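Trainee: Before I use these labels for pockets, barrels and helix packing, I want to see what each one rests on. Can we go through them one by one?

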Amino acid sequence: MRALPRRPEVRLTELGFGAAQGGNLYRVTTDEEFASAVDTAWEAGVRYYDTAPHYGLGLSERRLGAALRHRPRDEYVVSTKVGRLLVPSPQDAHLRDSDGFDVPASHRRVWDFSRDGVLRSIEASLDRTGLDRIDIVYLHDPDDHWEWAASEAVPALVELRDQGVVGAIGAGMNQSEMLARFVREADVDVMMCAGRYTLLEQGAADALLPAAQSRGVGVVIAGVYNSGLLSRDRPPADAVYNYQQAPAELIERARRIATVCETYGVTLPQAALAFVRRHPAVVSTVVGVRNTSQVVEAVRRSEAVVAEELWDALAAAGLLATAH
């Protein structure tokens, strides 16, 4: 386990459990499937679990809380997010959610990075999970709300952290530039960077990772497979990148990376997990899982031993910006 440099009492396992699928991301996941996935992850030693109100309009939080309720509370870390309040919308309950989750549209998401919005969001998350505290709280996708988030949400989270209501604070985004700005300008402890530091692309290495390392801010890497492009041993023609059909040139690049990986006896997904963990600022890698088989696969991949020479070979082939 790795401790957050600024909050050493918050310790994360190298592999984190991403619970978006517990909110029926793209398709239905049963209560039994999700509970079994959590049980399997626990047995494998995973102690970091990430969720959000956004995931299934609260369904992921409810399921995760139920699955962890009888576990020793001091033995695991849970992160959730603020910035989207769930407002009841009973008139739409007969419809399906339009944001990618197969759940009734019984609530609508409302952006709110105000102090009151943060307090209400955390209170609701505590109620849904049934937990006594939240270990990490991230601002969720504040891309279009920098001023609001920086001037109101961050101070509110700092206050809650200082009161012991939450253990650590930060932001989670699908970009790295604003995350780096939070590191430079705000009193934060940990950033969740999705898809911008992977075996395919290393944009976060330009500003976010150096800033985080110099300021003692931990970085959690999510989206390590770039939404799916790096999730198979050999990327198919219909591979997904950034939640859309992957461009042909990216598929070809991923296939070339896979070929080099094969010569060193590892698969593309195994190398993808191993690569991001090499950076000293990275404290955990969160992988989204839906059921027991996906957990077993994620654990197996994360335990692979990857030769250091692989990174030099990829760099020499022009497939990796740097071996470091």
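**Labels and their grounds**

Mentor: The largest cavity holds about 40 Å³ of space. Keep in mind that this is a predicted model.

Trainee: What makes this space a cavity and not a pocket?

Mentor: A cavity is a set of points where a 1.4 Å probe fits but cannot get out, whereas a pocket is an open set. With a cut-off of 30 Å³ or more, the count comes to one cavity.

Trainee: Which residues line the largest cavity?

Mentor: The lining consists of Leu15, Gly16, Phe17, Ala41, Val46, Val287, Val289, Val295, Ala298 and Val299. Strand β3 (15-18) and helix α9 each supply at least two residues of this lining.

Trainee: How many residues of each class does that lining have?

Mentor: There are nine nonpolar residues, one polar and no charged ones. Gly counts as polar under the class rule, so Gly16 in this lining is put in the polar class.

Trainee: What is known about the largest pocket?

Mentor: About 1,300 Å³ of space lies in the largest pocket. It is lined by 43 residues, and the closest to its centre are Gln21, Leu25, Ser227, Tyr243 and Gly288. By class, the lining divides into 20 nonpolar, 12 polar and 11 charged residues.

Trainee: Which element gives the most to the lining of the largest pocket?

Mentor: Helix α9 does, with four residues. At least two residues each come from β9 (166-173), β10 (190-194), β14 (282-288) and α9 (292-302).

Trainee: How does the second largest pocket divide by class?

Mentor: Its lining has six charged residues, four nonpolar and one polar. The space in the second largest pocket is about 170 Å³. Among its lining residues are Glu9, Val10, Arg11, Asp74, Glu75, Arg133 and Asp135. Strand β2 (residues 7-12) gives the most to this lining, with three residues.

Trainee: Which strands form the closed barrel, and in what order?

Mentor: The eight strands run β3-β4-β5-β8-β9-β10-β11-β14, with parallel pairing. Neighbouring strands of this sheet are turned by 30° against each other on average, direction ignored.

Trainee: How do you know that β8 and β9 pair?

Mentor: Pairing needs at least two bridges between the strands. Six bridges join β8 (residues 134-140) to β9, and the two run parallel, so they count as a pair. Within this pairing, Leu139 has Ala171 of β9 as its bridge partner.

Trainee: Why is α2 called oblique to α3?

Mentor: Helix α2 (residues 59-68) and helix α3 (residues 115-129) have axes that cross at roughly 50° and come within 7 Å. Angles under 35 degrees count as roughly parallel, and the perpendicular class runs from 65 to 115. The crossing angle falls in neither range, which makes α2 oblique to α3.

Trainee: Which residues make that contact?

Mentor: Glu61, Arg62, Gly65 and Ala66 contribute from α2, and Ser125, Arg128 and Thr129 from α3. By class, the contact has one nonpolar, three polar and three charged residues.

Trainee: What would the angle classes say about α4 and β9?

Mentor: Helix α4 (residues 146-163) lies across β5 (77-82), β8 and β9, and runs at about 155° to β9. Angles over 145 degrees count as roughly antiparallel, so this one does. Helix α8 (residues 268-277) lies across β3, β11 (218-222) and β14, running at about 150° to β14. That angle is also over 145, so the label is again roughly antiparallel.

Terms used:
Residues are numbered from 1 along each chain as its sequence is written. This is a predicted model: local features need pLDDT of at least 70, side-chain atom pairs count only at pLDDT 80 or more; totals for chains, interfaces and linings use all residues. Side-chain values use heavy atoms; hydrogens and water are left out. Axes are lines fitted to C-alpha atoms, for helices over the stretch in contact, and angles run from 0 to 180 degrees between N-to-C directions. Contact means heavy atoms within 4.5 Å. On a 1 Å grid over the protein atoms alone, a cavity is a set of points where a 1.4 Å probe fits but cannot get out, and a pocket is an open set with protein on both sides within 12 Å along at least five of seven lines; lining residues have an atom within 4 Å of a point. Grid points are joined across faces, edges and corners, and a volume is the space filled by probe spheres set on the points.
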